[in-house]
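Hi everyone, thanks for making time for this. I'd like to walk you through one structure today, going from the whole chain down to a few single residues. Let me put it on the screen.

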Amino acid sequence: SSTMKDKQRIEYLTKKPGRYAGENTMKAIFVACALLSIVTTAGIVVVLLVDAAEFFREVSILQFLTRTRWSPTIKPTEFGVLPLISGTLTFTLCTALIALPVGLLAAIYLSEYAGGKVRSVIKPALEVLAGIPTVVYGYFALTFMTPLLRDILGRDVVDIYNTASAGIVIGILVLPWVTSMSEDALSAVPRSLREAAYGLGAT
């Protein structure tokens, strides 16, 4: 009968030489890969903690958090982190002002309005844009965006290395990711929820 054949086949497979040996080998490889990632992460954390401990033996935490000047190479050296924090926040704000509105509008267009042919052109173009190396964006910022800003705003206002140029270019850099993730989120909304929203008056 078919039931007996199934039982015999199961017994044959379970008793087949090397079946579990191969599975155990693959399992050991996967476990080794997982442990390697954990060990690597732990090693990075340990190195950072050791270097930070050496740094804070020479610089007090209070000076590090309250000083407004960062000059590790110019005597007298100062290690105030506030300029780095303010520069990072300004740079992030500038990037968000570029990437979020444009990315969300592009995602809404691709999800709600664009036809199949348009999507088939724009989506690969965004993926190609996301694959451009960051060094290319840096070169673009230094050779094109910075001179453009200096011509518009004045050379006394804009330095060669400035936050605005970097923020604009990084906004262009993250634009494909913002658009892609937002479009995926919009496309994942079930049709039933869309129709319910229409029923409540949404357009």
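Let's begin with contacts across the whole chain. Take the pairs that are at least 6 apart in sequence: 49% of those contacts join residues at least 24 apart. Please keep in mind that this is a predicted model.

Now the overall layout. The chain has eight helices and two strands. If you follow the elements from the N terminus, the order is α-α-α-β-β-α-α-α-α-α. The chain has 203 residues, and 17% of them are buried.

So where do we find the largest nonpolar core, and who is in it? Seven residues build this core: Tyr137, Ala141, Met145, Leu149, Val158, Val169 and Leu173. Two elements each give two or more residues to the core, namely α6, residues 134-153, and α7, residues 163-187. The largest share comes from α6, with four residues. One core member to look at is Leu173, which touches Thr134 and Tyr137 once we set aside residues up to four places away in sequence.

Next, let's move to the loop between α6 and α7, where we find Asn162. Is Asn162 buried or exposed? Its relative accessible area is 18%, and the cut-off for buried is under 20%, so Asn162 counts as buried. What does its side chain reach? One partner is the backbone oxygen of Asp159, at 2.8 Å. Another is the backbone nitrogen of Ala164, at 3.4 Å. Beyond its neighbours within four places in sequence, Asn162 is in contact with Thr146 and Leu149. You may remember Leu149 from the nonpolar core.

Let's turn to helix α4, which spans residues 82-113. I picked two of its residues for you. Thr95 sits in this helix, and Thr95 is counted as buried because its relative accessibility is 10%. A polar atom of the Thr95 side chain lies 3.4 Å from the backbone oxygen of Gly167. Leaving out neighbours within four places in sequence, Thr95 is in contact with Gly167, Ile170, Gly171 and Val174.

My second pick, Leu104, is also found in α4. Leu104 has a relative accessible area of 42%, so this residue is partly exposed. How far apart are Leu104 and Leu175, in sequence and in space? They are separated by 71 residues in sequence, while their C-alpha atoms are 9.2 Å apart. As for contacts, Leu104 touches Ala99, Val178 and Ser182, again not counting residues up to four places away in sequence.

The last stop is the largest pocket. Its volume is about 160 Å³. Which residues line it? The lining is made of Ile108, Glu112, Tyr113, Arg194, Ala197, Tyr198, Ala202 and Thr203. Helix α4 comes back here: α4 and α8, the latter covering residues 191-199, are the elements that give two or more residues to the lining. Sorted by class, the lining has five nonpolar residues, one polar residue and two charged residues.

Let me close with a quick recap. We saw a nonpolar core with its largest share from α6, a buried Asn162 in the loop between α6 and α7, and a pocket to whose lining α4 and α8 each give two or more residues. Thanks for listening, and please do ask me anything!

Terms used: Residues are numbered from 1 along each chain as its sequence is written. This is a predicted model: local features need pLDDT of at least 70, side-chain atom pairs count only at pLDDT 80 or more; totals for chains, interfaces and linings use all residues. Side-chain values use heavy atoms; hydrogens and water are left out. A nonpolar core is a set of buried Ala, Val, Leu, Ile, Met, Phe, Trp, Tyr and Cys residues joined through side-chain atoms within 4.5 Å. Buried means under 20% relative accessible area, exposed over 50%, partly exposed in between (1.4 Å probe, protein chains only). Contact means heavy atoms within 4.5 Å. On a 1 Å grid over the protein atoms alone, a cavity is a set of points where a 1.4 Å probe fits but cannot get out, and a pocket is an open set with protein on both sides within 12 Å along at least five of seven lines; lining residues have an atom within 4 Å of a point. Grid points are joined across faces, edges and corners, and a volume is the space filled by probe spheres set on the points. Ala, Val, Leu, Ile, Met, Phe, Trp, Tyr, Cys and Pro count as nonpolar, Asp, Glu, Lys and Arg as charged, and the others, Gly among them, as polar. A polar contact is a pair of N or O atoms within 3.5 Å; within protein, one must be able to donate a hydrogen and the other to accept it, and residues adjacent in sequence count only if both atoms are side-chain atoms.
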